[in-house]
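Me: I have just opened this one and would like some orientation. Could you walk me through the strands?

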Amino acid sequence: MRQYIVRRLFISIIVLFGVSVMLYLLGRLTPGDYVTSITAGNPNITVEMQERMREVYGLDKGIVEGYLNWLWDALRGDFGLSFLYQKPVTEIIMRYVPITFTLAFSAMVFEILLAIPFGIIAARKQYSRTDYFIVAVALVGISLPSFFFAAILKRIFAIGLGVLPLSGMVNARAGYTGWARIADIGKHLVLPVTVFVVTGVGGLLRYVRTNMLEVLNADYVRTARAKGVPEYKVIGKHAFRNTLIPIVTMVGNMIPGLFSGAVITEGIFSLEGLGNIAIKAVQSGDIPYLMGFNMFIAVLTIIGTLISDILYAVVDPRVRYS
Amino acid sequence: MPESDYVTSMKNPSNIIEFDNLQTYFYTDAGTVKAVDGVSFDIPMGKTIGVVGESGCGKSVTSLSLMRLLQGPQGQIAGGQLRYNQISRKRAVDIAKIPIKEMQKIRGNEIAMIFQEPMTTLNPVFTIGSQIDECILMHNPKISRKEVKVHSVEMLKLVGIARAEGIYDSYPHELSGGMRQRVVIAMALSCNPQLIIADEPTTALDVTIQAQILDLLRGLKDKINASIMLITHDLGVVAEMADYVVVMYAGRIVEQGTADDIFNKPMHPYTIGLMKSKPVLNEQVERLYSIPGNVPNPINLPPHCYFKNRCEKCVEICSGVYPELIQVTSTHKVSCYLHAKPDMSKYRVIGGKRL
């Protein structure tokens, strides 16, 4: 097992290298660099001034040289200064990651807590009204665009009923401290998390349902019943342990998706998270931040798949890595 | 549900099970499939009864009805009684009506089942030991953890597994098919059942292992004095194991009797066909006999004898209503007009050719 993990980590380095090359290429090839975007519409800027600014930002160098410079610095832990914020990229990521993480993690916990029981109920009562209802709701969730759903929620709960804040992370005017501040943050997170959960839970739920259906028809479930095992234990123990195998793999792969999915939702709710900053960075061509953010997602993806592969071996005795 | 709804009395107290006009239907979108339609036979205590027939004739459905393991909501017992002589509680119950809570106490404990596919019958994520333990613990809640393990290991030894302690901690995927089937048998026997239902226990195994498993079952039956309901399409297995034989065709019994009756004096053309299609050692045959035609569509069964279209001996009256079971001797029954009391010679033979 340890040997397997070490080998996987070694392969990960190669993967990350490839990812960084692609990201840098895409970032630099995007038309309109940072200098063009900040000087746009300013008639006093001459072409010479633009060239000087490019030199300052290091955008005058070719793609290959620019990449090698970035790589050399990155290998030593220096991801450069964000053009927009004029602060080290690592500092910005460290500062804003808690918000995105809180959002993504609580959304994931709720998604799992909803998807597993409802998926099992739907499978247990296949083709019943309950099943159709659950599957229909899940499908509506999958089909709803997050920006549209967010707008509806805001209209109803923030503007119409006025029970929840419209946007932002804290109530700036109140200046809460301690528990009151945490409660305030929680209140601000209700709508974004709801958007996440409603639009994201459907996929997992349908996956749980399909797997449960397959497992419920398996011979060993019939064997359990034939042994006289009561139905709640047949489902909760014999069937569930087997459905867990594919679910665990899927949940590991969900982690990076949650972070990148935050881009739109954070923007709508004006949450100062990594995703929201990433949008601004894309719009203005902030290469160092984009590189840092995307590499962060790439690392998460690799960790996510590694975790799911390890968990896979934990829940399925047939899987052994050597 | 009050007890009076499902407590009944046996016709013959020396039987363990009495199937009485059992009807098990599957309600599908295409129509009602009468998988078992009016099957009646008894399983005497301590005897082995073989149920034979080709695939889809309703033999497995009969046994699943007895375990109440039909795939609901489509599969349901539509009628008839399934009387079970529950010695442990000195009563007889109708399994067709018994509440599922009561049935759970019977399953695995008093009536155990051995399934056809040892490769998929065991749960892949639990150890062999925990799966046998579970069965014992379920029906003997007072037993201590330590005793359970001792008993489970003992069961593994009983079914001829050497190194039982090691196998106890193994997972199913680490064992061969024959070993797994032994584990399934150990599991079925772990609570000393009154009746063992063996649904094609040797079909998925290779021939040498088949013989071992059959020997094992026969030996165990004598050891624990249980009855066996052996479901198979392998006549050789039946000849070797069974005291009584029931031949099923398209959801109904076409012939039943002692093993001697069926093997030495088969009467129903279907049974005779089955016997002819069995390979025999030291006999040169060009081509093994096969019964012509196919089983009729179970959704739309004809009003006459279901075997008529494949029968080589069918006569005019065969187009009439489905023939009743005729008592030929005190043990032998057959459902065929050829053996009905009136003189058959006056009927003109219309069959005889392959259709």
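Reply: Certainly. In this predicted model, chain B has an open sheet of five strands, in the order E1-E6-E5-E2-E3, with antiparallel pairing.

Me: Which are the edge strands there?

Reply: They are E1 (7–8) and E3 (31–44) of chain B, each of which pairs on one side only.

Me: And how many bridges join E2 and E5 of chain B?

Reply: Eight bridges join strand E2 (residues 15–28) and strand E5 (residues 75–86) of chain B, in the antiparallel sense. Within this pairing, B:Asp20 has B:Gln81 of E5(B) as its bridge partner.

Me: What lies across E2, E3 and E5 of chain B?

Reply: Helix H1 of chain B, residues 59–67, lies across these strands, and runs at about 110° to E2(B).

Me: Let us change topic to E10 of chain B. Is that strand mostly covered or mostly uncovered?

Reply: Strand E10(B), residues 244–249, is mostly covered, with five of its six residues buried.

Me: In which sense does E4 of chain B pair with E10(B)?

Reply: The sense is parallel, over four bridges, and E4(B) spans residues 48–52. Here B:Val52 stands opposite B:Val247 of E10(B).

Me: What about E10(B) and E11(B), in which sense do they pair?

Reply: E10(B) pairs with strand E11(B), residues 252–258, in the antiparallel sense over six bridges. One of the partners in E11(B) is B:Gly257, which bridges to B:Val245.

Me: How many residues sit between them in the hairpin?

Reply: Two residues lie between E10(B) and E11(B) in the hairpin, and B:Ala250 in the turn has a positive phi of about 50°.

Note on methods. Residues are numbered from 1 along each chain as its sequence is written. Chains are lettered from A and ligands numbered from 1 in the order in which they are written. This is a predicted model: local features need pLDDT of at least 70, side-chain atom pairs count only at pLDDT 80 or more; totals for chains, interfaces and linings use all residues. Side-chain values use heavy atoms; hydrogens and water are left out. Buried means under 20% relative accessible area, exposed over 50%, partly exposed in between (1.4 Å probe, protein chains only). Two strands pair if DSSP finds at least two bridges between them. Contact means heavy atoms within 4.5 Å. Axes are lines fitted to C-alpha atoms, for helices over the stretch in contact, and angles run from 0 to 180 degrees between N-to-C directions.
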